[in-house]
Structure formats: structure tokens, C-alpha cells
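Here are a few short exercises to work through with the structure open. Try each task before you read its solution.

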Amino acid sequence: MSANESLLVPHSPDAEKALLSCLLHAPFEVFHRCAESNLIPSWFFIPSHRDFWEALSEGILSGTPHDSITLAQHFRDKGKLEALGGAGAVAELYTFLGTAANAGHYIGILKEQSQRRELMAFANRIFQRCADGTDAGEIIAKAHEDFGEILGRASSKATARLSTGPLIEFLSPSQLSAYIPPDGARLVGDFHVTRGAVFVIGGAPGVGKSRALTALAVSGATGAPWLGLPLHRKFKTMIVQNENGRFRLRNEFAGSDCAALDDWVRVCPPPPRGLCFSRIQFRDQLAAAIAEFNPDVVGLDPWNAAAPNDQAKDYLETFEIIRSVIPAGDDAPALGIVAHTRKPKADERASGRGLLNLLAGSYVLGSVPRSVFVMQAATDSTDDSRVVWTCCKNNDGEMGTRSAWNRSNGQFSPAEGFDWDSFDNAGRDKAPKQKAVVEIVRNAGSPLTKAAIVAKLKERGTPQPTAYRWLDSAEADGSIELDEIAGTYRACSQSDSH
């Protein structure tokens with residue numbers, strides 16, 4: 001193949017060099033990643049790089065990994081050094097700017113380019129058979145066979161994962177009743193946060209969901225209760241988030257003893273390309289970070305950054321992709337998802353189990369988790385930092401009672417003397433509606449039509465659908481009265497309406 005022809009073949013010299021450089025600097029760690037990815041020599045397009053890979057891998061498997069000096073001597077002894085570019089080619093690999101943390105990224109590029117080359121070769125074989133006059137049926141049969149082999153190689157890693165255990169099993173009642181959860185599986189409350197299970201923190205934008213997740217991480221490191229729920233042991237938390245920049249994160253941890261948290265908490269600043277779980281490089285790098293830190297809880301903030309579409313199919317696929325990144329089985333961390341709630345309807349104040357219906361998007365977000373928490377602002381006032389915290393679902397234990405808290409950077413303190421009656425009845429009192437409608441009708445000086453009343457309510461900032469509901473409510477309870485002939489309303493006196 002000529003140099004010009006090789007330029008047209010999918011390959012990445014830089015990715016190949018970077019991975020080889022990683023093998024020189026962090027041989028065992030990077031080779032383990034290569035083995036997990038089922039890397040084979042043909043993933044290297046450049047012949048000399050395949051030779052370097054085989055020599056490096058042989059050294060690692062023998063327990064004596066090469067450095068740049070021993071690698072050059074290895075090929076010098078074989079009389080191949082000059083053909084591979086001399087000692088300068090080996091030195092270039094050693095000094096090439098590849099980092100072990102990005103090894104998964106390089107492996108992904110090599111695999112992608114190798115698959116593209118294989119598909120091009122597949123297409124060329126079909127073209128050549130057509131040009132040679134081979135029978136069409138035979139071409140189709142051979143193409144089907146060849147493509148089956150390609151698919152088999154592409155899915156070998158997934159097949160290996162699936163073959164590590166049964167896909168389904170059945171247990172008797174005696175076996176089920178004798179099940180003992182793994183030690184340390186229960187982290188918070190009455191199985192509110194449990195290793196291997198999904199939990200959700202829901203709430204309106206800006207209410208403090210991210211701070212609640214930060215507070216969980218701090219509680220895990222210190223052993224202090226989390227929003228009123230007791231901890232059963234200390235645990236490590238890794239937060240994968242796309243919401244808050246370094247300045248906001250600095251503020252969240254500014255009041256904490258950070259030295260005491262360093263071994264227990266990891267938080268990523270917003271990734272340059274967002275939570276791009278669809279990219280294999282992102283998944284590989286995240287999986288490597290999780291494997292290195294080994295957290296008990298992985299928090300994802302926010303859900304809509306990972307699953308931008310609201311369809312049930314998209315949500316289920318996103319859950320599967322995320323689960324493919326984190327460990328499975330008894331080693332699985334708890335997965336905490338921060339999710340937005342939908343905008344409530346006018347005068348709506350959901351509570352208890354009804355809060356589950358407020359989660360924005362597909363029903364999947366409420367059905368998959370074992371537990372769901374919802375945070376609500378205590379009032380609409382911008383000066384009020386109080387929030388109400390409710391567990392509205394807990395499949396494996398008691399939900400517990402709701403509570404009120406003062407919110408601050410990464411911290412929550414109990415809101416003493418909270419007025420639950422005012423909170424529960426906010427927006428439900430009909431008097432403000434009646435008063436607004438009656439005031440408009442009475443001050444008009446003459447009867448008004450329904451359209452005129454709605455127009456005046458809209459001037460006060462009331463949405464048109466809400467204005468019509470208010471007017472109908474005022475008419476229903478006798479605060480205003482319709483003259484059916486004239487089609488206008490008048491305000492009733494208090495004695496008239498009773």
C-alpha cells in the first residue's frame with residue numbers, strides 16, 4: 001500500500017502512539033485496560049506500532065515491562081531496530097504526550113478505526129465479487145457470512161460480560177427468606193439509600209437539589225445524619241454533574257473541613273462536552289474513574305443532561321448505558337439521580353405520595369428508583385431559603401415523615417417552628433381569587449362581561465386560563481352573579497352570597 005493510499009484508510013497515528021506511550025509509563029494499569037477492551041494487534045494500523053505493542057505486552061505478561069532503553073535493545077538484538085525507525089522512534093514513543101488517564105479514550109479510537117477498516121474491506125470484497133461476475137446469490141450468502149463474523153467480533157466484549165453469570169434465575173421462598181444483604185449495603189435511613197439501588201432527588205430548578213446531593217456526600221464522609229435520616233456507616237461519594245462550575249463548587253465546600261472530606265468525596269466540574277454517555281470515550285473514562293475511586297454512591301446531576309429526550313424508551317436506554325459504566329452485583333454503588341419536577345399547575349400543592357407525579361419526563365424516572373425524594377420551596381419569596389423535604393417513595397422501607405430545612409451552601413439546618421398549615425394551604429385559599437374578581441367587578445362602576453373581567457385580571461399578571469378558572473370559581477360560590485339576559489356580572493354583597 002502506497003503512502004497516499006494509506007492516508008485514505010481509517011487510522012489514527014497519534015492515538016496509536018499515545019497508547020504505546022501509556023504502556024511505557026504505566027504498563028500494568030494500561031495493559032489491564034487493553035485486556036478489558038479485548039484489544040488485538042490488528043487494531044494498530046501502522047506495522048511498526050504492532051511490533052511495539054507485541055513487544056510491550058510480552059514484557060508486561062512476563063513481569064518485566066520495557067522502558068525506552070530495554071525496548072530499543074530488544075529490537076536491536078533482533079536486528080529490527082533500524083527497520084522500525086531506529087532508537088529515535090522508540091524515544092519518540094516515550095516522550096509522546098499520552099496520559100494513562102486517557103488510555104480508554106485511545107483504545108476507543110483504535111477500535112473505532114479498526115472497525116471502519118474492516119467494514120471497508122468487507123465492502124471491497126463485495127465490489128470485487130460483483131466485478132468478477134460471481135453469482136449474485138453466492139455474493140449475498142458470502143456477504144451474510146462475512147458480516148456475521150464482523151458482528152461477532154464487535155460484540156465479543158458484550159458477550160463476554162453476559163456470559164459471566166446467568167441471565168435469569170428462580171429461587172424458592174425458603175431461599176428468598178434466608179437472603180442476607182451484603183455487609184454495608186444499607187447506607188442511609190430505612191433503605192432510603194442502598195448500594196446497588198437507584199434513588200432520585202427531585203425538585204424545581206434552583207430549589208437546592210444539587211446542594212442536597214452535596215450534603216449527602218458530606219454526611220457520608222462525616223457520618224452525620226442526612227436531612228434527618230441516620231447513616232449506618234461512612235461511605236464514599238462520587239458526583240458526576242453538569243450544572244455547577246468551579247466557583248459554585250468552591251462555595252458549596254467553603255464552609256466544610258475539606259481535608260476531612262478529601263478521601264471520601266469526588267466531584268467533577270462540568271465536562272467540556274456535557275454528560276455525553278453516548279460517546280464510548282466518555283464512558284471509558286468515567287468507568288476508569290469510578291473503578292479507581294470505588295465509591296459507595298454515584299450521583300448524576302442532572303438527569304436531563306444525560307437523557308435529553310422524555311420518551312420512556314430513551315429513559316430506559318439511558319439507565320442501561322449508565323449501568324454499563326458502574327460496577328454490578330454486590331460491588332454496585334447506589335445510583336443517585338438529580339431530576340427536575342414539572343411546573344405545578346396554578347394553585348397546585350402536591351404532597352406525600354402525590355409528589356411522585358411531579359417528576360418531569362417519563363414515568364420511568366419514578367418507576368425504576370427504589371426511593372424518591374422531592375424538595376419544595378417553603379414559599380415563593382426570593383428571601384426565603386427554607387425548603388420542605390419529603391420521601392414520596394421507598395420500596396424497601398418506611399418513607400418517614402416530611403421535614404423543613406434552612407438551605408445554605410452545601411449545608412442544611414432544621415427550620416424550627418415551621419408553619420405547616422400555611423405551607424399546605426398555600427394557593428388553596430379561595431379568598432384571594434374571590435377578592436380579586438369581586439374587586440374588579442365592584443370597582444368597574446357598571447356590570448362587566450366575562451371577557452372584560454378576564455382582560456382586567458390579565459392586566460394584573462394573571463394567565464388567561466387561570467383568570468377564567470377564578471371567575472368560574474367566584475360565580476360558583478356566589479361572590480359574583482351573572483345577568484343571563486345582559487351577559488354581564490355584578491358583585492354580590494356578603495349577605496347575598498349566603
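**Exercise 1.** How are H11 and H12 oriented to each other: roughly parallel, roughly antiparallel, roughly perpendicular or oblique?

*Solution.* This is a predicted model, where local features need pLDDT of at least 70 and side-chain atom pairs count only at pLDDT 80 or more, while totals for chains, interfaces and linings use all residues. Residues are numbered from 1 along each chain as its sequence is written, and side-chain values use heavy atoms, leaving out hydrogens and water.

Step 1: find helix H11 at residues 209-222 and helix H12 at residues 246-254. Helices (H or I, at least four residues) and strands (E, at least two) are DSSP runs, numbered from the N terminus.

Step 2: take the angle; the two axes cross at roughly 50° and come within 11 Å. Axes are lines fitted to C-alpha atoms, for helices over the stretch in contact, and angles run from 0 to 180 degrees between N-to-C directions.

Step 3: sort the angle. Under 35 degrees is roughly parallel, over 145 roughly antiparallel, 65 to 115 roughly perpendicular, and the rest oblique. H11 and H12 are therefore oblique to each other.

**Exercise 2.** Which residues of H11 and H12 meet?

*Solution.* Look for contacts (heavy atoms within 4.5 Å). From H11 you get Ser 210, Arg 211, Thr 214 and Val 218, and from H12 Arg 248, Glu 252 and Phe 253. Sorted by class, that's two nonpolar, two polar and three charged residues. Here Ala, Val, Leu, Ile, Met, Phe, Trp, Tyr, Cys and Pro count as nonpolar, Asp, Glu, Lys and Arg as charged, and the others, Gly among them, as polar.

**Exercise 3.** Trace the open sheet and find its edges.

*Solution.* Step 1: follow the nine strands in the order E5-E4-E6-E7-E3-E8-E9-E10-E11, with mixed pairing. Two strands pair if DSSP finds at least two bridges between them.

Step 2: spot the edges, E5 (265-267) and E11 (411-414), which each pair on one side only.

Step 3: zoom in on E4 (residues 237-241) and E6 (residues 297-301), which pair in the parallel sense over five bridges. Gln 241 has Asp 301 in E6 as its bridge partner.

Step 4: add helix H14 (residues 280-293), which lies across E4, E5 and E6 and runs at about 160° to E4.

**Exercise 4.** Where does pLDDT stay under 50?

*Solution.* pLDDT is the predictor's confidence in each residue, from 0 to 100. The protein averages 84, and 88% of the residues score at least 70. The stretch to pick is residues 155-165. Where pLDDT is low, the predicted coordinates should not be read in detail.
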